[in-house]
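Reader: I'd like to learn how to read a model like this one, feature by feature. Could you take me through it?

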Amino acid sequence: MRIGDKHYESIWLDKDDDNAVNIIDQNKLPFKFEIISLRTVGDVFNAIRNMTLRGAPLIGVAAAYGMYLACLEITAYTKSREHLRNAAKYLKSARPTAVNLEWSVNRQMQQLAQYCRRDRLVKVALRTAHDIAGEEKDKCRKIGKAGLEIIEKLSKIKKGGTVNILTHCNAGWLACVDYGTATAPVYLAHDKGISVHVWVDETRPRNQGARLTAWELENHGVPCTLITDNAGGYLMQKGEVDIVITGSDRTALNGDTANKAGTYLKALAARDNNIPFYAALPTSSIDIGIKNGINEIPVEERDEKEVLYVEGLYNDEIVYARICPENTRASNYGFDITPAELITGLITEKGICRAGEDDIRKLLSEKKD
Ligand code: MRU
């Protein structure tokens, strides 16, 4: 997607140094635009754990490149199979909720299982990582096309009036490779000349909405307004929201979806106000091993410091400020689960389906993607 006049993706192999995987440092955005190189499995683990890169599809793609870097780390003295098994386990432990991480590392391990020689392993791992990155990008584009139809219908109902979309967190191109999931239909609609406007939830505590989604949309010229996390319900009551679209880090077989904490409350408010609520996701985020999302999806708990402090720009420096009494303790669940019955539909690269086991199974068994 666009940053100024330049097209960027969120991850790429350095064109002059194939030992380096480049990413945009998302912990510095929107204050500083910095590109950093990941050169070891440890670098990839830390970038995922510290959220230098984040978002379910991107975490999966980065882990796939992490396995490529693990292959490069093999020397004449390394037991390659053991090294790769350890790297896979290590990468998978970086964050628990987004299933894409496990999915892409497992895919790499399956591909690599047939080879022993270092040069073959390196080649296959790089090709697989590129494949996964390319597929995720393609899936997001298709999610965009499927979701565009919904926005087009709303635009027609409003006789060309602006379609107001509310989103939570960042399910944009920064969270994927390109386009985004929840934002892909918005970008496509905007590029087609449909009048759209996005209500961007700030998304405490890390403010991915304020810091990343607002930055992305503004760079692409999409009209948007930042709102506090708790304002969405009132906007819905006032008729200012036509549709809610969020991402999903893991979708269970019954259609329950895990997404950034606060998503569930938006779905509740949307239901109370008769507003469609969609989760946009690549099918790589569907975990058919999990039958019931609420009971079984592992929800990340992060450091309480993220809640106790806010981060922002002051005198050109990124600084932290405490927002509560010194001895206050905090709880920091990173995600929540939106029950399937509150979800109007899942927008995937294979099309839109109802959030329920039968429809999900049918969608997954379809060939086209
Ligand atoms: O903790 P994060 O920033 O990785 O969480 C990201 C989200 O919750 C996104 O909505 C999610 O990954 C959707 S997929 C684009």
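Author: Happily, and keep in mind that the model is predicted. Let us begin with Gln26: leaving aside neighbours within four places in sequence, Gln26 is in contact with Met51, Thr52, Leu53, Arg54, Leu58, Leu174 and Leu212.

Reader: Where does Gln26 sit, and is Gln26 buried or exposed?

Author: Gln26 belongs to the loop between β4 (21-24) and β5 (35-38). Buried means under 20% relative accessible area. Gln26 has 4% relative accessibility and therefore counts as buried. One of its contacts, Met51, is 25 residues away in sequence, with 7.2 Å between the two C-alpha atoms.

Reader: Let's try a strand residue. What does Thr257 touch?

Author: Thr257 lies in strand β11. With neighbours within four places in sequence set aside, the contacts of Thr257 are Ser248, Arg250, Thr251, Ala279, Asp336, Ile337, Thr338, Ile343 and Leu346. Its relative accessibility is 0%, so Thr257 counts as buried.

Reader: Ile337 is on that list. In which strand is Ile337 found, and what does Ile337 touch?

Author: Ile337 is part of strand β16 (residues 335-338). Not counting residues up to four places away in sequence, Ile337 touches Asp256, Thr257, Ala258, Tyr264, Gly293, Ile294, Ile297 and Val299. At 11% relative accessibility, Ile337 counts as buried. For a pair distant along the chain, look at Ile337 and Gly262: they are 75 residues apart in sequence, and their C-alpha atoms are separated by 9.0 Å.

Reader: Now helices. How do I check the span of helix α4?

Author: Use the rise of 1.5 Å a residue. Helix α4 (residues 99-112) has 14 residues, so its expected span is 20 Å, and its end C-alpha atoms are 20 Å apart, which agrees.

Reader: And how should I think about the way residues point from a helix?

Author: An α-helix has 3.6 residues a turn, so residues three or four places apart point the same way. In α4, the buried residues are Val99, Asn100, Leu101, Ser104, Val105, Arg107, Gln108 and Leu112.

Reader: What covers the buried residues of α4?

Author: The cover includes the helices α1 (41-49), α2 (56-72), α3 (80-92) and α5 (118-157). It also includes β10 (250-252) and β13 (286-287).

Reader: Let's step back to the whole chain. Into which domains is the chain divided?

Author: The division gives domain 1 (2-135) and domain 2 (145-365). Their centres, taken over C-alpha atoms, are separated by 25 Å. To read how they meet, look at the residues in contact: 35 residues of domain 1 are in contact with 36 residues of domain 2.

Reader: Where does the largest pocket lie relative to the domains?

Author: The lining tells you. Domain 1 and domain 2 both give residues to the lining of the largest pocket, so this pocket lies between them. The largest pocket holds about 430 Å³ of space. Its lining has 19 residues, with Asn27, Arg206, Glu306, Glu311 and Tyr320 nearest its centre. At least two lining residues come from each of α7 (208-220), α11 (305-308) and β14 (309-314). By class, the lining has 7 nonpolar, 5 polar and 7 charged residues.

Reader: Which residues line the second largest pocket?

Author: They are His168, Arg204, Asp229, Asn230, Gly233, Ala261, Gly262, Leu265 and Lys266. The second largest pocket has about 160 Å³ of space. Its lining has 2 nonpolar, 4 polar and 3 charged residues.

Reader: What about enclosed spaces: how many cavities of 30 Å³ or more are there?

Author: The count comes to 2 cavities of 30 Å³ or more. The largest cavity has about 190 Å³ of space. It is lined by 23 residues, and those nearest its centre are Gly55, Ala56, Asn170, Asp249 and Asn259. The elements giving two or more residues to this lining are α2 and β11 (257-260), and α2 supplies the largest share, 3 residues. Domain 1 and domain 2 each give at least three residues to the lining of the largest cavity.

Reader: And what lines the second largest cavity?

Author: The second largest cavity, with a volume of about 40 Å³, is lined by Pro205, Arg206, Gln208, Lys260, Arg302, Glu306, Asn332 and Gly334. By class, that lining has 1 nonpolar, 3 polar and 4 charged residues.

Notes. Residues numbered from 1 in each chain as written. Predicted model: local features only at pLDDT ≥ 70, side-chain atom pairs only at ≥ 80, totals over all residues. Heavy atoms only, no water. Helix = DSSP H or I, 4+ residues; strand = E, 2+ residues; numbered from the N terminus. Expected span 1.5 Å × (residues − 1). Buried < 20%, exposed > 50% of the residue type's maximum accessible area, 1.4 Å probe, protein only. Contact = heavy atoms within 4.5 Å. 1 Å grid on protein atoms, 1.4 Å probe; cavity = no way out; pocket = protein on both sides within 12 Å on 5 of 7 lines; lining within 4 Å. Points joined across faces, edges and corners; volume = space filled by probe spheres on them. Domains from an automatic or database assignment. Nonpolar A, V, L, I, M, F, W, Y, C, P; charged D, E, K, R; others polar.
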